Amino acid sequence: RVLDPRNAYPCGAESVFALCFDSPGGSGSRRSSGIGVGVGPRGPAEQQLELHSVVGTQCLQNAFEGYNACLFAYGQTGSGKTYTMMGDDVDGPTRGITPRLCEELFSRIEQARTSEVVSTYKVEASYMEIYMERVNDLLDPSATDLTVRQHPVTGPYVENLSVHRVGAAAEVLELVRRGSGLRATACTRVNDHSSRSHAIFTLRFAQTELRSA
């Protein structure tokens with residue numbers, strides 16, 4: 001169920017199947033509501049860009065409207081979860097949804113600063129992994145086996161997880177690159193560098209609109 005925070009959190013709608021992306025051999029179709037739409041041959045970079053334009057952009061729009069937004073990737077080993085979210089290189093042509101979302105976030109912030117409405121923006125980032133039932137801070141290697149606690153208002157949080165203030169997309173991508181390099185990996189039958197942990201990258205985005213009395 002989808003909750004609407006603008007209306008005291010009643011159920012806004014039922015969650016439904018929206019889109020399915022097929023990429024057999026670098027080509028395929030995008031299906032919406034059961035209808036196939038031919039898109040012709042596409043390379044990895046085009047596929048990553050299309051996925052972000054459909055999924056990532058809407059997620060960012062929800063954040064600008066005041067909603068909490070989450071992208072969750074799941075699947076079997078070697079199915080492409082890390083590739084979809086991060087890509088081969090966080091600033092390369094096949095970068096994933098996360099780097100592209102960060103770039104679009106700061107691009108929209110810069111555009112907003114040129115508008116007539118005076119607003120302030122604050123962006124913070126954190127990056128952690130859950131490995132063998134333990135929570136580790138990927139941006140602070142010394143912070144391991146952290147404790148998960150419950151806040152009465154905001155819900156679950158990780159105690160002593162480092163939070164980093166960022167002012168540009170390049171700063172976020174550097175944190176992503178640094179944290180991803182510390183993730184637990186292992187060789188499997190389908191992937192020589194398979195991620196062995198669950199990773200959670202969080203951006204805290206606050207915007208304040210200033211109006212004259």
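**Exercise 1. Determine which residue of β7 stands opposite Met 128, and describe the pairing of the strands concerned.**

Solution. Met 128 stands opposite Asp 137 in β7. The model is predicted: local features need pLDDT of at least 70, side-chain atom pairs count only at pLDDT 80 or more, and totals for chains, interfaces and linings use all residues. Residues are numbered from 1 along each chain as its sequence is written, and side-chain values use heavy atoms, with hydrogens and water left out.

Step 1. Helices (H or I, at least four residues) and strands (E, at least two) are DSSP runs, numbered from the N terminus. Two strands pair if DSSP finds at least two bridges between them.

Step 2. Between β6 and strand β7 (residues 134–137) there are 4 bridges, in the antiparallel sense.

Step 3. The two strands form a hairpin with 2 residues between them, and Met 132 in the turn has a positive phi of about 55°.

**Exercise 2. Compare the span of helix α3 with its expected value, and state what its buried residues pack against.**

Solution. Step 1. The expected span is 1.5 Å times one less than the number of residues. For the 17 residues of α3 (residues 97–113) this gives 24 Å, and the end C-alpha atoms are 24 Å apart, which agrees.

Step 2. Buried means under 20% relative accessible area, exposed over 50%, and partly exposed in between (1.4 Å probe, protein chains only). Among the buried residues of α3 are Ile 97, Leu 101, Leu 105 and Ile 109.

Step 3. The buried residues of α3 pack against elements including α1 (44–64), β6 (118–131) and α4 (169–180); a contact means heavy atoms within 4.5 Å.

**Exercise 3. Establish how the buried residues of α4 are arranged around its axis.**

Solution. Step 1. The buried residues of α4 are Ala 169, Val 172, Leu 173, Leu 175, Val 176 and Gly 179.

Step 2. Seen down the axis, these residues fall within an arc of 155°, so they line one face of the helix. The arc is that of the directions from the helix axis to the C-beta atoms.

Step 3. They pack against α3, β6, β10 and β13.

**Exercise 4. Identify where in the chain confidence is lowest and where it is highest.**

Solution. Step 1. pLDDT is the predictor's confidence in each residue, from 0 to 100. The mean of the chain is 80.

Step 2. Confidence is lowest in strand β5 (residues 35–41), at a mean of 41, and highest in β10, at 97.

Step 3. Over residues 24–40 the pLDDT is below 50. Where pLDDT is low, the predicted coordinates should not be read in detail.
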